[in-house]
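Here's a walk through one protein chain, from the overall make-up down to a few side chains worth pulling up in your viewer. Have the sequence and the model open side by side as you read.

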Amino acid sequence: MLLQDQLCSSLKSVFQPGRHGGKCFSARRARWLTPVVLALWEAEVIPGVNSKKNQMCFDWGPGEMLVCETSFSKKEKSEMVPSCPFIYIIRKDVDVYSQILRKLFNESHGIFLGLQRIDEELTGKSRKSQIAVAVGLRNDCRVSQGLLYPLVSILSAMELIWNLCEILFIEVAPAGHLLLHLLDWVRLHVCEVDSLSADVLGSENPSNHDSFWNLVTILVLQGRLDEARQMLSKEADASPASAGICRIMGDLMRTMPILSPGNTQTLTELELKWQHWHEECERYLQDSTFATNPHLESLLKIMLGDEAALLEQKELLSNWYHFLVTRLLYSNPTVKPIDLHYYAQSSLDLFLGGESSPEPLDNILLAAFEFDIHQVIKECSIALSNWWFVAHLTDLLDHCKLLQSHNLYFGSNMREFLLLEYASGLFAHPSLWQLGVDYFDYCPKLGRVSLELHIERIPLNTEQKALKVLRICEQRQMTEQVRSICKILAMKAVRNNRLGSALSWSIRAKDAAFATLVSDRFLRDYCERGCFSDLDLIDNLGPAMMLSDRLTFLGKYREFHHMYGEKRFADAASLLLSLMTSRIAPRSFWMTLLTDALPLLEQKQVIFSAEQTYELMQCLEDLTSRRPVRGESDIQQLQDEDIETTKVEMLRLALARNLARAIIREGSLEGS
């Protein structure tokens, strides 16, 4: 069953939240995405899925769709058992995975950014043409950069549409000059004549080449009359009998009036000259001047705009828009833009002759010749396999102030909507998502929100990729996303037992709870190994240690070690005691702190005063009095308890000695 049928049968239920477990589908995406998705997926067949038998359920993702059968059969009496217990993942933006198209996406990204920058700099009446030149010149080289069939034909069609839109919508050439632009457009995109010319001229005797007259005919069809005259001169040199009529034909070609870019004559003058020239061609036809040479006679009929003669050259014209431009050149060279759609439709009908129906490209070009921008964008959205073309074309037209009357009612204009959809497709690719970020940046209404939603879904496979994402978020002050990414990286580091990295990420995320968790892991490792890992990080915590009490304790405890190593025993003792009495140290670590106090208690010089010794004794009693009463224990637990008991006895003895020494010392000081 085609997915198109499944979508059509399910569209009504999609708008009802909760139906078949699906989500409510927004009208915004339904109105625009549905026809395009149907066009993209109309040939996709899901094996084993039969939507005629069971109702389907589907849900949309950023770049994918989940499809599955439900337990609800379409028959009234049936068992609620799904026949296909699988969930299918279907991608709509498959083009982003093409290695060939990556070059195109990257180049157009640079053009897009350049357009956004120059838009602010360009002003005045020539603004539209300046934008067209800045963007269009770089578009002409897109298809010629190592692209392979069948993508060449697709991209050639895109370039064909793009250039036509530049001519009709942006440059807005007046009557007379419009035909010159259309001729250049046809010559650019119907370029087989160049290879044919090289083949004919490369032969020993060009006039005897099998394709000689085909070449001359194509040159005339494209209005390249100077080149056609040069070819006829070779025929005249090779065949003296036909030299006279070749000269006459050459004179007709030379004297054909047409507007040139530097010509100052008016349209009225041009029409009078063209009418006179046309009458002269008619006389030669009526006089049968070229009757002895069918090829030259056929050329004369073409130059008279004879539709039958033009249609005889269908193979050389190759498409109806080439036929259109040639027809205008030899029948109405001063055609006005308002009449263009009439000639376009009639040329299409004449060229197809009822033998075939118009293709999507034909509908797009017809909409352009009708000067219907909205219809051009709509037809392109349906016909093309991704949003790349319509997004960039709409962006260009919007910068030229041509889409102001086409705002959408759901919160953004057409330009922003299409850019959002294109950027969303880029985010489905593991590396092209970086291009999508810039497109979101230039969507003023919904770009920020969309970027936040999409960037959270990027898989952080490597730390390098995570740093890229993090840098993007920090540059845009996306605080919540920065915290989320840092937490994810911190969790990964903890799982890999990279405590230093985990602590630095938790500090960067300003996550007090996770910083406490990592600090506890540091302390636990210290108890097991007797030393700290990642000393450089702990030694340089700075103000970051104030993030949580446990992190503060970790930093201060490391500071105690520094003092002890520098033999600043009095300062070390005061810091150690303050860590315990302030209750900043976890109770589970008190025994370690009291054990650290033992060397200070055994020093020859009295380090702890009597008052400090009493405080240490109080901490020891609090710790021992709250020990849990254990039941039957194994041998290992009994050994651990013996060690703990020995530590406590040693501490009590050391504290008693130090207390006695401190009292004697303080008493002697008072007596003196």
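The secondary structure of this chain adds up to 32 helices and three strands. Helices here are DSSP runs of H or I with at least four residues, strands are runs of E with at least two, and both are numbered from the N terminus. What you're looking at is a predicted model, where local features need pLDDT of at least 70 and side-chain atom pairs count only at pLDDT 80 or more, while totals for chains, interfaces and linings use all residues. Residues are numbered from 1 along each chain as its sequence is written, and side-chain values use heavy atoms, with hydrogens and water left out.

Of the 672 residues in the chain, 49% are buried. Buried means under 20% relative accessible area, exposed means over 50%, and partly exposed is in between (1.4 Å probe, protein chains only). As for contacts (heavy atoms within 4.5 Å), take those in the chain with a separation of 6 or more: 64% of them are between residues 24 or more positions apart.

**A pair of helices**

Two packed helices are described by the angle between their axes and the distance between the axes. Try this with helix α21 (residues 433-441) and helix α23 (residues 463-475): their axes come within 12 Å and cross at roughly 5°. Axes are lines fitted to C-alpha atoms, for helices over the stretch in contact, and angles run from 0 to 180 degrees between N-to-C directions. So α21 and α23 are roughly parallel to each other; that label covers angles under 35 degrees, with over 145 counting as roughly antiparallel, 65 to 115 as roughly perpendicular and the rest as oblique.

Which residues in α21 and α23 meet? On the α21 side there are W433, Q434 and V437, and on the α23 side K465, K468, V469 and I472. By class, the contact of α21 with α23 has four nonpolar, one polar and two charged residues. For the classes, Ala, Val, Leu, Ile, Met, Phe, Trp, Tyr, Cys and Pro count as nonpolar, Asp, Glu, Lys and Arg as charged, and the others, Gly among them, as polar.

**Salt bridges**

Side chains of opposite charge can pair when their charged atoms come close. The rule used here asks for a side-chain nitrogen of Lys or Arg within 4 Å of a carboxyl oxygen of Asp or Glu, and the count comes to 20 salt bridges. Here are some of them:

| Salt bridge | Closest N to O |
|---|---|
| D194 and R224 | 3.3 Å |
| E227 and R224 | 3.0 Å |
| D441 and R476 | 2.6 Å |

D441 lies in helix α21 and R476 in the loop between α23 and α24 (479-495), so this pair ties together parts that are 35 residues apart in sequence. D441 is partly exposed at 35% relative accessible area, whereas R476 is buried at 18%.

D194, R224 and E227 are linked in a network of salt bridges. R224 counts as buried at 15% relative accessibility. Its partners are both partly exposed: D194 at 42% and E227 at 34%.

**Around L196**

L196 is found in helix α7. Is L196 buried or exposed? It's buried, at 17% relative accessibility. Leaving aside its neighbours within four places in sequence, L196 is in contact with S211, N214, L215 and I218. L196 and I218 are 22 residues apart in sequence, and 9.7 Å apart in space from C-alpha to C-alpha.

**Aromatic rings**

The structure holds 24 aromatic pairs. Rings of Phe, Tyr and Trp (its six-membered ring) pair if their centres lie within 6.5 Å; planes under 30 degrees apart count as stacked, over 60 as edge-to-face and the rest as tilted. F427 and W433 make a tilted pair, 6.3 Å centre to centre with 50° between the planes, and both residues are buried.

Why is the pair of F553 and Y557 stacked? Their ring centres are 5.7 Å apart and their planes are at 15°, so the pair is stacked. F553 and Y557 both sit in helix α28 (residues 549-565), four residues apart, about one turn of the helix. F553 is buried at 0% relative accessibility, and Y557 is buried with a relative accessible area of 0%. F553 and Y557 belong to one aromatic cluster with F560, Y564, F569 and F589.
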